[in-house]
Amino acid sequence: MTEIPGMIRPELQALPQIADRMTFLYLERCVLNRQDGAITVTDEKGCVHIPAAAVSVLLLGPGTKVTHRAMELIGDAGVSVLWVGEKGVRYYAGGRPMTHSSSMLIRQAEMVSNTRLHLDVVRKMYCMRFPNEDVSKLTLQQLRGREGARIRAVYREMSHKWNVEWKGREYDPDNFQDGSPVNQALSAGHACLYGLAHAVIEALGCSPGLGFVHVGHENSFVYDIADLYKAEVTIPLAFEIASQEEKEDISSVMRRRTRDAMGEHHILERMVHDIRELLAKEGEETPEDAVYLWDNREGTVENGRSYGTDMDEDLSFEK
């Protein structure tokens with residue numbers, strides 16, 4: 001059998017840590033192939049070589065084609081691949097997360113399951129949305145009421161600023177066209193935020209279904225994260241677009257404007273930071289390829305060693 005030329009597969013411990021890599025790389029309308037240890041990206045403008053070990057997450061947008069050889073290198077280098085809409089406004093599918101550690105997922109499950117920790121995360125989310133407020137002594141019911149009041153105030157402010165009538169948030173997924181122009185724009189813009197949030201959550205190895213404010217849905221955490229940016233991005237844009245005379249294709253206009261606004265406001269980078277801020281333990285640094293054994297007394301113990309004793313060996317042969 002003829003050996004296929006290429007770089008020898010690296011050992012996991014030889015790969016650079018995520019902190020040493022690029023963050024997220026978005027590609028569209030191009031062909032991905034492989035040359036030695038580099039991913040080649042080719043379009044009508046030419047070809048660019050990207051060292052596979054320097055990439056953490058590839059976001060593949062419309063018009064992207066990937067060869068089997070490219071996927072082989074991507075898999076060997078531990079790169080996460082996500083198939084998304086234009087500039088991340090939709091999430092279609094994803095491969096492996098960009099980390100070998102399950103620490104973020106375990107922490108997320110721990111915080112969802114513990115009432116005190118769960119409430120702490122809700123408070124953090126509220127502070128991210130509306131800073132400079134002390135919510136340390138508020139109950140969950142008070143937080144929910146305060147949040148609702150602030151969002152209604154944002155709607156009223158935008159309605160007055162853009163002279164757009166506002167009768168409340170109305171959304172019928174089975175009858176999109178019957179919604180008011182501003183409600184159509186809100187639905188289209190929010191969907192873009194959901195797509196990007198879903199991609200980031202999957203890339204970080206978290207669960208989209210383990211939410212804190214939203215619960216019970218497979219995308220509960222997606223809705224939680226997207227809500228952090230609605231008052232800043234999609235709500236102002238929706239009222240601005242609804243105020244314009246041309247409303248024939250309001251959803252398409254809103255998607256394009258939201259796509260551009262997410263780039264301008266660095267929403268992707270902020271989502272990564274905010275999710276880590278919400279879930280990661282302070283000062284916690286887990287190796288990317290760490291594997292432990294569970295222990296009911298110590299939590300975790302070292303993997304890859306024998307814990308047997310002479311007494312254990314004798315007991316194993318007892319009838």
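Tutor: Two strands count as paired if DSSP finds at least two bridges between them. In this predicted model, one open sheet of four strands has the order β4-β3-β2-β6, with mixed pairing.

Student: What makes β2 and β3 a pair?

Tutor: Strand β2 (residues 31-35) and strand β3 (residues 38-43) are joined by five bridges. The requirement is at least two, so β2 and β3 are paired. Their sense is antiparallel, and within this pairing Arg-34 has Ile-39 of β3 as its bridge partner.

Student: Why are β4 and β6 called edge strands?

Tutor: β4 (46-51) and β6 (65-66) each pair on one side only.

Student: Which helix packs on this sheet, and how is that helix directed?

Tutor: Helix α1 (residues 68-76) packs on the sheet and touches β2, β3 and β6. The direction of α1 makes about 65° with that of β2.

Student: How do you know that β1 pairs with β5 in the other sheet?

Tutor: Four bridges join β1 to strand β5 (residues 57-60). Since at least two are needed, the criterion is met, and therefore β1 and β5 are a pair. These two strands run parallel, and Phe-24 has Val-57 in β5 as its bridge partner. The sheet itself is open and mixed, in the order β1-β5-β7-β8.

Student: Why is one side of β1 and of β8 left without a neighbour in the sheet?

Tutor: β1 (24-27) and β8 (91-94) stand at the edges and have a single partner strand each, so nothing in the sheet adjoins their other side. Neighbouring strands here are turned by 25° against each other on average, direction ignored.

Student: Why is Lys-87 called partly exposed?

Tutor: The relative accessibility of Lys-87 is 43%. Buried would require under 20% and exposed over 50%; the value falls in between, so Lys-87 is partly exposed. Lys-87 is in the loop between β7 (80-84) and β8.

Student: Which residues does Lys-87 touch, apart from those up to four places away in sequence?

Tutor: Lys-87 touches Tyr-26, Arg-259 and Met-262. In addition, the C-alpha atoms of Lys-87 and Arg-256 are separated by 9.4 Å, although these residues are 169 residues apart along the chain.

Student: What makes helix α7 largely enclosed by the rest of the structure?

Tutor: Eight of its nine residues are buried, and therefore α7 is largely enclosed. Among the buried residues are Ile-235, Phe-239 and Glu-240. Their cover includes α4 (140-162), α5 and α8 (250-264).

Student: How do you know that Glu-240 and Arg-257 form a polar contact?

Tutor: Their side chains are joined at 3.2 Å. The cut-off is 3.5 Å, so this pair lies within it and is a polar contact. Glu-240 belongs to α7 (residues 234-242) and, leaving aside neighbours within four places in sequence, is in contact with Trp-162 and Arg-257.

Student: Which residues touch the most other members of the largest nonpolar core?

Tutor: In this core of 63 residues, they are Phe-221, Ile-225, Met-271, Ile-275 and Leu-279. Helix α5 (residues 181-203) supplies the largest share, twelve residues. Another core, of 16 residues, lies apart and includes Cys-30, Val-55, Leu-58 and Val-79.

Student: Which residues does Ile-275 touch, not counting those up to four places away in sequence?

Tutor: Ile-275 touches several, including Met-104, Val-200, Phe-221 and Ile-225.

Terms used: Residues numbered from 1 in each chain as written. Predicted model: local features only at pLDDT ≥ 70, side-chain atom pairs only at ≥ 80, totals over all residues. Heavy atoms only, no water. Axes fitted to C-alpha atoms, helices over the stretch in contact; angles between N-to-C directions. Polar contact = N/O pair within 3.5 Å; in protein donor to acceptor, adjacent residues only side chain to side chain. Contact = heavy atoms within 4.5 Å. Core = buried A, V, L, I, M, F, W, Y, C linked by side-chain atoms within 4.5 Å. Buried < 20%, exposed > 50% of the residue type's maximum accessible area, 1.4 Å probe, protein only.
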